Structure formats: C-alpha cells, structure tokens
Protein chains: 2
Amino acid sequence: MRKLYLILGEAGLELVPRELWSHRAVRRYAEKRGKRPGEVLLDISYHYSAMRGLKDWRKRGRPDIVHVCLLEALESPLNKEGLLEVYVHTYDGKVVRVDPEVRVPRHYLRFVGLMEQLLAVGRVPPRGERALMEVESVSLKELVGRLSPSTVLLLEEGGERLKLTELSELLVSEERPALVVGAFQAGQFSEKVRALADRSISIYGGVLSSWVVVSRILAALEMRLGIV
Amino acid sequence: MRKLYLILGEAGLELVPRELWSHRAVRRYAEKRGKRPGEVLLDISYHYSAMRGLKDWRKRGRPDIVHVCLLEALESPLNKEGLLEVYVHTYDGKVVRVDPEVRVPRHYLRFVGLMEQLLAVGRVPPRGERALMEVESVSLKELVGRLSPSTVLLLEEGGERLKLTELSELLVSEERPALVVGAFQAGQFSEKVRALADRSISIYGGVLSSWVVVSRILAALEMRLGIV
C-alpha cells in the first residue's frame, strides 16, 4: 500500500441553508455570534427546532462527528508517516481536501469557526500559497475518478462482515485503496455514494460511531505495517 | 483478561478554582452562561488570560481532551462487550467513575454542561438509584488499592517501547490490568502517579494525542480477543 484515501462520506457539515435563514432559532443564534445566518454552521444541537422540516434532517447538522473523525485521522501514526490522505465529502455535495499537516483545532468552538471560514471563503487560510483545507468543486464521483484508487470500500453496518485483520490484509494488498466512512448520525448512504463502491464492508456486529470505525481501521493498518 | 480498567490520569477537568473567580475573563464567561464562576468548567480556550498565573496551567483546563477520550472508550466494541471500566482521575485529585452504559454527549457544549453538573453535585443524574457518573472522594492511590488490578501500566512518551501486539499480549495475560493514559495537553505525569505504576510504556516513537493512545490500545485488544 502506497497510500490510503480516507473519505468521510455525506458528512453533516454545511452552512445553514437559505430556507432556514429566517427561522427564529437560527437568526437568534447567528446574531449572538455576530454573523449572518448564512455564515454559521448548521448544528442540530442549536437548530433542532428549525431543522425538523428539512429534507434528510437526521443526516445533517453534525459538525461534531466530522470533528472527532478528523482528530482521529489526522493525529494518527499512519498520517504522521505520510500514508494517509483525508477528504470530507459533505451532505450538500462539496468535497474538502485536508492537508495531512493541518492541525485540527482540538476545541469544538474553534473547529466550528474554522469550518465556517472554510465553507464561506473556500479555503483556509483565506490567502497564501498552501491551503491547509480547501473546498473543491467536484462531486464525490469526480473525486474518485481523479484519485483513481485501486479499490473503493464502503464501511457500513449492513456490509459484508470482515475481521479487522482481514480488512487490513486486503488494504495493504492494494496500491491506493479508498475507504468511505459515513460521517452522519443516522440513516444510510445514498444510492449515489453506494454506486461508487467496489465492496461494502462491516467490521462489527453492532452499530459503531464513525470515529470508532476510523480509529479501528487505521490502528489495524498501522499494526499490519509495523508502525505501532 | 476479565476486565480492563482504563484510567484517564491527571485530566484537565475541574471547575474554575477559587483563586480565579474574580478574574475578568472568568466573570464575563460565567455571566454569559448564567452561572457563577465556581460553577463553570475551567477551559483554556476561554480562560487563557486568567490561567497564565495558575500552577501547572499547561496541564489544566482541557475538558476537550477528556471528551474525545471518553467518546473513544465508551463507544468502543470492548466496552460494548462489557470488558471495560473507565475512571477519570482529575488534576485536582478527584476520581470520576463512569458507568459503562453512559451515553457521553457527542456535542462539546452538552458535555461541558454535564461535567459542570457532575462536579458541582457529585453525580449525574443528581438523583435516582443508579449514577451514570459519580465523583468518588478517593485518591488515585486509594482507587488503585480498591480495584487491585493485577498490574498497572502507565502510557507515556518516554516509556519502554512496545509494539501494540506485544502490549495486547501482555494485557490479555493479566486478569484485571489497569492502564493509565494522561488526559492533559503538555507536561509529564506527576511523581505521585508514576509511583503507582508497575511499568511505563510507549507505543510510538513520537508524541500521540491521548485519544489516539486510547483507541490504539483498545483496537489491539479487541483484535486480540477476536471482537473485531
């Protein structure tokens, strides 16, 4: 394996969509933060009442899940060894490229501020030669086409059950495998995402949080490669 | 191995100490949250200016680290299989027992609210037969004496380097091993904590975040036990 592509799929990471700008809870929250409604992250912990009418609302407004997944992935030994490339594919169809050397803010509110800047401006830092995070205007399908991974594995509860040793064996036998892990709270991958996968895999008999899936697979790979 | 005790050691989790109650940044923060200064968590992201004069300030005010570690530990397959018991030992010498079935709030601000209630009242929920989290008035030494683990392993950067397979082998050969992982940002374990350990171990050549240490060891154990 030369590199692992980790894609956080259909992540609940987006600015408040226009249809909710005039909602009372949203307006009050934005005002308190000194921003306009369209400049703040949708967050179900604050915008529950506003979100109840939104399409697929159970999959959306979960920057906290993306946060913990990024903390796990970017602080991993695999990333420190230069073998990982992380992308966030959002529910609303954006792709964020994350530089392996980015230091994700550990504190949630700092992370939220960074994500708001990223989604509003398209990159962080806003200027400078090297973007640490960048919104790319491609679909997940186009991203996969461009990365052209040697295989695309989707992790989901209902997938074919593999032991972690089997999965890590499979991954190291591939030159540049891509893993898609859902970064949403409830529900399934859309058919569009599922259609991109070569295989759908499950690593445990019960439901697992996204960050646990990420850390388990990275750990197994690091062990298999002799890094830890 | 019948059970693993995971102790988050010298965690930066405490209410704002009395000496900072009158500091401007603290007063303003508490007011904004509708609480008294002694009722809010010390958090370096909000109280940096106030904390600079505090003893060991670099180890303190990091509830965010405890949060991610608890999310990793309590959502782990090992915990779901009933093989894990988690304790948080705080910088200021408290011990929090965490029920294996507690559902840690994923959202940071909800977690902060819960911890404030826990540290003020001593347990959550405040009433009822079964405490999901409970502050026990024992020192770490007393806790270790009471649990009487078959061995106590301290995880730290400068420890004896073990591969994860070696460490998991060692752990499963013990009946009830205890792991102490530091849940602070910078600095070393105090001598008091170090004195309780049978061995000091390191799993990687570089610095690792606390939650990565937790997830790596749990993953290795889960694999060794055939859980994942």
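How many residue pairs are in polar contact across the interface of chain B and chain A? In this predicted model, the rule finds 20 such pairs, with both residues at pLDDT 80 or more.

Let's start with where those pairs sit. On the chain B side, α2 (44-51), α3 (63-74), α4 (77-80), α5 (108-121), α7 (164-172) and α9 (210-224) each supply at least two residues that touch chain A. Of these, α9(B) gives the most, with nine residues. By type, the residues on this side of chain B divide as follows.

| Residue type | Number on the side of chain B that touches chain A |
|---|---|
| Nonpolar | 19 residues |
| Polar | eight residues |
| Charged | 14 residues |

Taken as a whole, the contact draws 41 residues from chain B and 41 residues from chain A. Together the two chains bury about 3,500 Å², with 56% of that on carbon and sulfur atoms. Three residues, B:His107, B:Tyr204 and B:Arg216, supply 18% of the area that chain B buries against chain A, more than any other three residues.

B:Arg216 is worth a second look: this residue also forms a salt bridge with A:Glu222, and the closest N and O atoms are 2.6 Å apart. Between chain B and chain A the count is four salt bridges.

Now for a spot within chain B. B:Glu14 lies in the loop between β1 (4-11) and α1 (24-32). Is B:Glu14 buried or exposed? B:Glu14 counts as buried because its relative accessible area is 4%, under the 20% cut-off. Its side chain makes a polar contact with the side chain of B:Arg60 at 2.7 Å. Beyond its neighbours within four places in sequence, B:Glu14 is in contact with residues including B:Val40, B:Tyr91 and B:Leu119.

Conventions:
Residues are numbered from 1 along each chain as its sequence is written. Chains are lettered from A and ligands numbered from 1 in the order in which they are written. This is a predicted model: local features need pLDDT of at least 70, side-chain atom pairs count only at pLDDT 80 or more; totals for chains, interfaces and linings use all residues. Side-chain values use heavy atoms; hydrogens and water are left out. Contact means heavy atoms within 4.5 Å. Buried area is the accessible area (1.4 Å probe) that two parts lose on being put together, summed over both. A salt bridge is a side-chain nitrogen of Lys or Arg within 4 Å of a carboxyl oxygen of Asp or Glu. A polar contact is a pair of N or O atoms within 3.5 Å; within protein, one must be able to donate a hydrogen and the other to accept it, and residues adjacent in sequence count only if both atoms are side-chain atoms. Helices (H or I, at least four residues) and strands (E, at least two) are DSSP runs, numbered from the N terminus. Ala, Val, Leu, Ile, Met, Phe, Trp, Tyr, Cys and Pro count as nonpolar, Asp, Glu, Lys and Arg as charged, and the others, Gly among them, as polar. Buried means under 20% relative accessible area, exposed over 50%, partly exposed in between (1.4 Å probe, protein chains only).
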